[in-house]
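User: Here's a model I'd like to go through with you. Please pick one small spot, look at it closely, and then work outwards from there to the rest of the assembly.

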2 protein chains.
Amino acid sequence: MTPRPPASERLDRGELLSTALAIADTDGLDAVTLRRVAADWSVTPMALYWHFQHKDALLDALVERMLDELELPGDEPDLRTVMTALLRVLRAHPALAEITPIRLMRTDAGLDMGERVVGLLRAEGHSPVAAAQLSVLLLNALIALVIRQPGETAVADPVQRDALLAAKRARLKSLDPQAFPHLTETADFFLGLPDEQEYYERGLTMLLNGVRLS
Amino acid sequence: MTPRPPASERLDRGELLSTALAIADTDGLDAVTLRRVAADWSVTPMALYWHFQHKDALLDALVERMLDELELPGDEPDLRTVMTALLRVLRAHPALAEITPIRLMRTDAGLDMGERVVGLLRAEGHSPVAAAQLSVLLLNALIALVIRQPGETAVADPVQRDALLAAKRARLKSLDPQAFPHLTETADFFLGLPDEQEYYERGLTMLLNGVRLS
DNA sequence: ACAGTAAATTTACGCCGTATATTTAGGGAG
DNA sequence: CTCCCTAAATATACGGCGTAAATTTACTGT
């Protein structure tokens, strides 16, 4: 009805991103649709196209926004410190973790981090190619740590979530202990973390150990 | 027009899966839609619902089908052997790699493999919980190796693919060598693999090293 | 011969991203 | 003060997706 509203009620790109981020955090990535974000501002979906080229660009920007929260100590952080900082923002926005790998290097913060990580690996004596590969492997594995955290399902809806977990539990509990002694013994782990702190410590340690010796 | 065709022209679940797998291999995962698979058999999309509960079940079955190609030496294979076998089928069907992690443990072959891997890690002296976690990390990281293989884009369409790669190249090549010495030095790696064999060797070695020491 | 079940069809719905064309508020130049 | 340009939205429409529900018909067993 009224194209071009008074300047006071213009959309703001930054605020759109905040909205999208909030949606992702509370209802999962699938809930981040153009219509949903637009609706939150009582606006047509097409209005977003003025602020973002297409949805993919919005997602890129979303990752960038998430990385704004990165807290790197100014002076020469080591590998573990960098990874821990990244881990923190990822755990704060797990829904974004799965779209991060492809997009990380499209953001400025991501490039900075990539440069840092490759540099640190070079300093450990790795060849340029090895350092590059290990950096990618490290980042991807770290992200996988968050995405596949036992108990996470990538589905935000609690009903579906519980259904999935119940199915998983049923499957694991019905295993023949004779045929699957080890899975039986560790079934609880796959259904939910006993200790998140320990989980991330161990994962990180394993990755850094692997890097240090390759 | 003709509900319930003569028995000779019935759909076959296995053949539907073959079709879906072929589509995934040639045109990517996004091309695997119910309509597309149905069209290949000149059949209504709804026909598939007789053979699969829903699309997700079809994807589960697709992963299962892929794992049929797993070739494990019968007697006591070690960790590297198991991972190498998995790597082989994943590289044969890279489009399925991204949906494998969540689904692996819903398949029989996946459970067998999980049992094997956890067992091997237990034998290396890891605690039950540690072995469970490391097995997941290992599998996920291995899969990430395939999904994020430099040059891969998860987009099958060659036009889009090239556009993406060109954008990436442009971005990397325009980096200030002063500010990003390491990324500049290793830019070529991110754009395409010099040596696939070496890439997978190194990735696998790094992961196994990490596991062995944690 | 006939009932019951198996395996498809038809139709419809509500989502999604986005191409295209149109509308209008506000700011700068004459 | 007016005119015009452009910024920023709306309206409309399209094709694609997964799937719910009801219907139809070929075959199987009694």
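Analyst:
**A proline in a loop, and outwards from there**

Leaving aside residues up to four places away in sequence, B:Pro73 touches B:Thr81 and B:Arg116. Bear in mind that this is a predicted model. The proline is in the loop of chain B that links α4 (55–67) to α5 (79–92). Is it buried or exposed? Neither label quite fits: B:Pro73 has a relative accessible area of 36%, and anything between the 20% limit for buried and the 50% limit for exposed goes down as partly exposed. For a distance to play with, take B:Ala85: twelve residues separate it from B:Pro73 in sequence, and the two C-alpha atoms are 9.1 Å apart in space.

Helix α5 of chain B, at one end of that loop, also holds B:Arg88. With a relative accessible area of 52%, B:Arg88 counts as exposed, because the cut-off for that label is over 50%. From B:Arg88 to B:Thr19 you go 69 residues along the chain, and their C-alpha atoms are separated by 21 Å.

At the other end of the loop is α4(B), so let's see what it packs on. Its axis and that of helix α1 (residues 13–27) of chain B come within 10 Å and cross at roughly 85 degrees, which means the two helices are roughly perpendicular to each other. From α1(B), the contact uses B:Arg13, B:Gly14, B:Leu17, B:Ser18, B:Ala20 and B:Leu21; these meet B:Leu58, B:Ala61, B:Leu62 and B:Arg65 of α4(B). Sorted by class, that contact comes out as six nonpolar, two polar and two charged residues.

While we're on loops in chain B, two backbone oddities deserve a flag. B:Ser42 isn't a glycine, yet its phi is positive, about 55 degrees. You'll find B:Ser42 in the loop between α2 (34–40) and α3 (48–51) of chain B, and with a relative accessible area of 69% it is exposed. The other is B:Ala154, again not a glycine, with a positive phi of about 70 degrees. B:Ala154 belongs to the loop between α9 and α10 (158–173) of chain B, and its relative accessible area of 61% makes it exposed.

That brings in α9(B), which is where the other chain comes into the picture. Helix α8 of chain A (residues 128–147) and helix α9 of chain B (residues 128–147) have axes that come within 9 Å and cross at roughly 125 degrees, so they are oblique to each other. The crossing is right-handed. Which residues of α8(A) and α9(B) meet? On the α8(A) side it's A:Gln133, A:Leu137, A:Asn140, A:Ala141, A:Ala144 and A:Leu145, and on the α9(B) side B:Gln133, B:Leu137, B:Asn140, B:Ala141, B:Ala144 and B:Leu145. The class tally for this contact is eight nonpolar, four polar and no charged residues.

Those matching lists lead on to how the chains are arranged. Rotate chain A by 180 degrees, with 0.0 Å of shift along the axis, and it superposes on chain B with an RMSD of 0.1 Å; the two copies are thus related as by a two-fold rotation axis. The same surface serves both copies, with 100% of chain A's contact residues recurring in chain B. Within chain A, A:Gly210 comes closest to the rotation axis, its C-alpha lying at 1.7 Å.

Back to α8(A), which also packs inside its own chain. The partner is helix α12 (residues 196–212) of chain A: the axes come within 11 Å and cross at roughly 165 degrees, so α8(A) and α12(A) are roughly antiparallel to each other. This crossing is right-handed. A:Leu134, A:Leu138, A:Ala141, A:Leu142, A:Leu145 and A:Val146 come from α8(A), while α12(A) supplies A:Tyr199, A:Tyr200, A:Gly203, A:Leu204, A:Leu207 and A:Val211. By class, that's eleven nonpolar, one polar and no charged residues.

Finally, chain A as a whole. Its secondary structure comes to twelve helices and zero strands. The C-alpha trace spans about 70 × 50 × 25 Å along its principal axes. Of chain A's 214 residues, 45% are buried. And among its contacts with a separation of 6 or more, 64% join residues that sit 24 or more positions apart.

How values were computed
Residues numbered from 1 in each chain as written. Chains lettered and ligands numbered in written order. Predicted model: local features only at pLDDT ≥ 70, side-chain atom pairs only at ≥ 80, totals over all residues. Heavy atoms only, no water. Axes fitted to C-alpha atoms, helices over the stretch in contact; angles between N-to-C directions. Helix = DSSP H or I, 4+ residues; strand = E, 2+ residues; numbered from the N terminus. Parallel < 35°, antiparallel > 145°, perpendicular 65-115°, else oblique. Left-handed = near helix turned anticlockwise from the far one by under 90°. Contact = heavy atoms within 4.5 Å. Nonpolar A, V, L, I, M, F, W, Y, C, P; charged D, E, K, R; others polar. Least-squares fit on C-alpha atoms with pLDDT ≥ 70 in both. Buried < 20%, exposed > 50% of the residue type's maximum accessible area, 1.4 Å probe, protein only.
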